[in-house]
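User: I'd like to learn how to read a model like this one, feature by feature. Can we start with a single residue and work outwards?

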Amino acid sequence: MPPVRRLAHVCLGTFDLERLIAFYGSLMEARVIHEFVNPAGERYGVLLTVAPGTFLELFNEQDPESRSGRGLFRHLCFEVEDIEATAAHVRTLGLAAEVKRGRTDRTLQFTIADPDGTPVEFHQYDSQCVQFPYV
């Protein structure tokens, strides 16, 4: 497998998005660099920059227990240098890996599940994604 560059982000669910944005903003001067907005124009999540190349995703949750018992934890994400080569390697392990762009943040990505069911996402940043200027 091509080498992993770093942990790209951690994704957390919350019952109070504004409270968590304020907390991480105060704690480590994290700031919103992208808002996830649904077709009705409602913000349901944000992407915070915490440090160069380090991000935190926060999403509103309605029922955290419905997420396969993971509570408010949503997934791990690793940045890779070559998303297509990584996907090809994952496929050799018998796992499905479909590279696509994030709907609103435009990041090249795919997600698999570990043996316990934890989603593991892989990202490659390029000039089309919102994180690129911060990496």
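Analyst: Sure, let's start with contacts. Contact means heavy atoms within 4.5 Å. Skipping neighbours within four places in sequence, I33 is in contact with L47, T49, F55, V130, Q131 and Y134. This is a predicted model, where local features need pLDDT of at least 70, side-chain atom pairs count only at pLDDT 80 or more, and totals for chains, interfaces and linings use all residues. Residues are numbered from 1 along each chain as its sequence is written, and side-chain values use heavy atoms, with hydrogens and water left out.

User: Where does I33 lie, and is I33 buried or exposed?

Analyst: I33 lies in strand 2. Strands (E, at least two residues) and helices (H or I, at least four) are DSSP runs, numbered from the N terminus. For burial, the cut-offs on relative accessible area are under 20% for buried, over 50% for exposed, and partly exposed in between, with a 1.4 Å probe and protein chains only. I33 counts as buried because its relative accessibility is 17%. One more distance for your notes: I33 and R43 are ten residues apart in sequence, and their C-alpha atoms are 13 Å apart in space.

User: What pattern does the chain follow along the sequence?

Analyst: Reading along the sequence, you get β-α-β-β-β-β-α-β-β-β, made of two helices and eight strands. Helix 2, for instance, covers residues 83-92 and holds T86. T86 counts as buried, because its relative accessibility is 0%. Apart from neighbours within four places in sequence, T86 is in contact with M1, P2, V80, F110 and F122.

User: How do I read backbone angles, and which loop holds E29?

Analyst: The general idea is that most residues other than glycine have a negative phi. E29 is not a glycine, yet it has a positive phi of about 55 degrees. E29 is found in the loop between helix 1 (17-28) and strand 2 (31-37), and it counts as exposed because its relative accessibility is 68%. R106 is another non-glycine with a positive phi, of about 65 degrees. The place of R106 is in the loop between strand 6 (100-101) and strand 7 (108-113), and R106 is partly exposed, with a relative accessible area of 34%.

User: How many disulfides does the structure hold?

Analyst: Zero. A disulfide is a pair of cysteine sulfur atoms within 2.5 Å. The sulfur of C77 is 9.2 Å from the closest cysteine sulfur, in C11, so it is too far for a bond. C129 has its closest cysteine sulfur in C77, 11 Å away, also too far for a bond. C77 counts as buried at 0% relative accessibility, as does C129 at 4%.

User: And what radius of gyration does the chain have?

Analyst: The radius of gyration is taken over C-alpha atoms, and the globule rule is 2.2 Å times the number of residues to the power 0.38. With 135 residues, a compact globule would come out near 14 Å, and the chain has 15 Å, which agrees. Along the principal axes, the C-alpha atoms fill a box of roughly 40 × 35 × 30 Å. Of the 135 residues, 41% count as buried. Finally, among contacts between residues at least 6 apart in sequence, 53% join residues at least 24 apart.
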